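Subject: Structure for your files

Hello,

Here is the structure I said I would pass on. My notes on what was found in it follow below.

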Amino acid sequence: MIKGIDVSHNNGLVDWDSVKRAGFTFAMVRIGYGKGHLDNNFYRNINGALNAGLKVGVYHYSYALTVADAEKEADFVIKTLVDAGLSAKKVIGVYYDM
């Protein structure tokens, strides 16, 4: 069985070593929402999960109602992934929560 956890700033500070000890193997970390709003704990969560040895994926909570808005959100996600040093080899996926 594969166990994963979904986290955002709404979860507060996550004890990633406890998550790993509980048998979780991956984390889906919210990167942000809307047109350029970074999740307050994105960098803390992504680095904590990676440092604990978990596989990571990211998701963006979308508010896009037009193609132009979706493109702005996608640009934000890509820029943030690059800034965080997350390549396709480091993440198990990038997802949109609609």
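Please keep in mind that this is a predicted model. I begin with the salt bridges, then move to the core, the second helix and the surface.

Salt bridges

There are 2 salt bridges in the structure. One of them joins Arg30 and Asp39, with the closest N and O atoms 2.7 Å apart. Arg30 counts as buried because its relative accessibility is 10%, under the 20% limit for that class. Asp39 also counts as buried, at 2% relative accessibility.

Another salt bridge pairs Asp69 with Lys35, and here the closest N and O atoms are 3.5 Å apart. This pair links distant parts of the chain: Asp69 belongs to helix α3, Lys35 to the loop between β2 and β3, and their positions lie 34 residues apart in sequence. Asp69 is buried, with a relative accessible area of 19%. Lys35, at 48% relative accessibility, counts as partly exposed.

Around Asp69

Which residues does Asp69 touch, once those up to four places away in sequence are set aside? They are Lys35 and Ala64. Ala64 sits in the loop between β4 and α3 and is buried, with a relative accessible area of 16%. Under the same exclusion of residues up to four places away, Ala64 touches Asp69, Ala70 and Glu73. Ala70 is a residue of helix α3; with a relative accessible area of 33%, Ala70 is partly exposed.

Two C-alpha distances may help you find your way in this region. Ala64 and Asn41 are 23 residues apart along the chain, and their C-alpha atoms are separated by 22 Å. Ala70 and Asp83 are 13 residues apart in sequence, with 20 Å from C-alpha to C-alpha.

The nonpolar core

The largest nonpolar core has 18 residues, and those with the most contacts inside it are Trp16, Phe42, Ile46 and Leu54. Two or more residues of this core come from each of α1 (16-21), β2 (26-33), α2 (42-51), β4 (55-61) and α3 (67-83).

Two of these residues are worth listing by their contacts. Leaving aside neighbours within four places in sequence, Leu54 is in contact with Trp16, Val19, Lys20, Phe24, Thr25, Phe26, Ala27 and Ala49. Ile46 lies in helix α2 and is buried, with a relative accessible area of 1%. Not counting residues up to four places away in sequence, Ile46 touches Val29, Val56, Val58 and Leu86. The C-alpha atoms of Ile46 and Arg30 are separated by 8.9 Å, with their positions 16 residues apart along the chain; Arg30 is the salt-bridge partner of Asp39 described above.

Helix α2

Where do the buried residues of α2 fall when the helix is seen down its axis? The buried residues in question are Phe42, Asn45, Ile46, Gly48 and Ala49. They fall within an arc of 165°, so they line one face of the helix. The general background is that an α-helix has 3.6 residues a turn, so residues three or four places apart point the same way.

The buried residues of α2 pack against β1 (4-7), α1, β2, β3 (37-38), β4 and α3. Just after α2, Gly53 takes a positive phi of about 90°.

The surface and the N terminus

Val94, Tyr96 and Met98 make a nonpolar surface patch of about 310 Å². Val94 is part of strand β5 (residues 91-97) and is partly exposed, with a relative accessible area of 37%.

Met1 is placed in the segment before β1. Is Met1 buried or exposed? Met1 counts as exposed, because its relative accessibility is 93%. From Met1 to Lys20 is 19 residues in sequence and 14 Å in space, C-alpha to C-alpha. Lys20 is also one of the residues in contact with Leu54.

A note on methods will follow separately.

Best regards

Technical notes. Residues are numbered from 1 along each chain as its sequence is written. This is a predicted model: local features need pLDDT of at least 70, side-chain atom pairs count only at pLDDT 80 or more; totals for chains, interfaces and linings use all residues. Side-chain values use heavy atoms; hydrogens and water are left out. Patches are made of residues with over 30% relative accessible area and no salt bridge: like charges are joined within 9 Å, nonpolar side chains (Val, Leu, Ile, Met, Phe, Trp, Tyr) within 5 Å. Accessible areas come from the Shrake-Rupley method with a 1.4 Å probe; for residues, only the protein chains shown count as cover. A salt bridge is a side-chain nitrogen of Lys or Arg within 4 Å of a carboxyl oxygen of Asp or Glu. Helices (H or I, at least four residues) and strands (E, at least two) are DSSP runs, numbered from the N terminus. Buried means under 20% relative accessible area, exposed over 50%, partly exposed in between (1.4 Å probe, protein chains only). A nonpolar core is a set of buried Ala, Val, Leu, Ile, Met, Phe, Trp, Tyr and Cys residues joined through side-chain atoms within 4.5 Å. Contact means heavy atoms within 4.5 Å. The arc is that of the directions from the helix axis to the C-beta atoms.
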